[in-house]
Amino acid sequence: LAVLDAYGWNDLAPLMQMVNGHAVAPGSVAATTREEAMRALDEALLERLVALNAERAAEEKRGLIRWLRPEFQNPAGTQAPTQAGLDTGDADDITDVVAPAKKQPWPKDMTGQVRAVAAVLAGATTPRSEADIAACFTGKGAWRKRLPQLLDMLTALGRAREVDDGKYVGGA
């Protein structure tokens with residue numbers, strides 16, 4: 001549970017407790033058996049770790065490297081920040097917005113749309129408004145009208161959270 005807490009994934013705690021054989025509050029977990037909870041937890045963790053890996057890769061492309069042991073990993077001592085000196089992601093301190101490298105076509109199916117919006121938020125270094133997210137995609141039709149629903153869905157699933165009025169970040 002401490003690891004889930006460290007990553008801000010506390011919403012997975014009931015699944016972890018069920019997997020470990022502990023009683024959970026009725027209705028707090030959709031899984032009904034320990035095996036279902038184990039599969040759901042594995043799937044959720046894998047999905048979040050893949051998103052976190054993509055986020056870290058994007059940071060490294062921008063030159064931000066999170067050294068855990070700089071004396072071992074970076075013995076030359078180049079001016080990369082250490083883990084302790086990094087911004088914690090407090091949305092109030094973030095002011096710059098990084099534009100997407102290339103616009104993507106808007107996915108046709110709902111699952112693809114959810115994944116695409118989640119990926120934009122996971123790769124963002126700053127909170128994104130609906131307009132910022134829409135600017136990452138191309139497409140015709142009324143697809144922009146679905147963004148509020150998708151953001152609500154991602155928020156309910158713990159894949160996004162609203163940090164300012166109408167601005168979102170990825171994760172819990």
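**Strand pairing, helix α5 and the core**

Student: Which residue in β5 stands opposite Ser129?

Tutor: This is a predicted model, with residues numbered from 1 along each chain as its sequence is written. Local features need pLDDT of at least 70 and side-chain atom pairs 80 or more, while totals for chains, interfaces and linings use all residues; side-chain values use heavy atoms, without hydrogens or water. Strands are DSSP runs of E, at least two residues, and helices runs of H or I, at least four, numbered from the N terminus. In β5, the residue opposite Ser129 is Lys167.

Student: Why is one side of β2 left without a neighbour in the sheet?

Tutor: The open sheet runs β2-β5-β4, with antiparallel pairing; strands pair if DSSP finds at least two bridges between them. Two bridges join β2 to β5 (residues 167-170). β2 (128-129) stands at an edge, as does β4 (160-164), so one side lacks a neighbour because each has a single partner strand.

Student: What distance separates the end C-alpha atoms of α5?

Tutor: Helix α5 holds 14 residues, 110-123. The expected span is 1.5 Å times one less than the number of residues. That predicts 20 Å, and the ends agree, at 20 Å.

Student: Which helix supplies the largest share of the largest nonpolar core?

Tutor: A nonpolar core joins buried (under 20% relative accessible area, 1.4 Å probe, protein chains only) Ala, Val, Leu, Ile, Met, Phe, Trp, Tyr and Cys through side-chain atoms within 4.5 Å. The largest has 18 residues, with Val117 and Leu121 among those with the most contacts inside it. α5, α6 (130-134) and α7 (147-156) each supply at least two residues. The largest share, six residues, comes from α5.

Methods: Buried means under 20% relative accessible area, exposed over 50%, partly exposed in between (1.4 Å probe, protein chains only).
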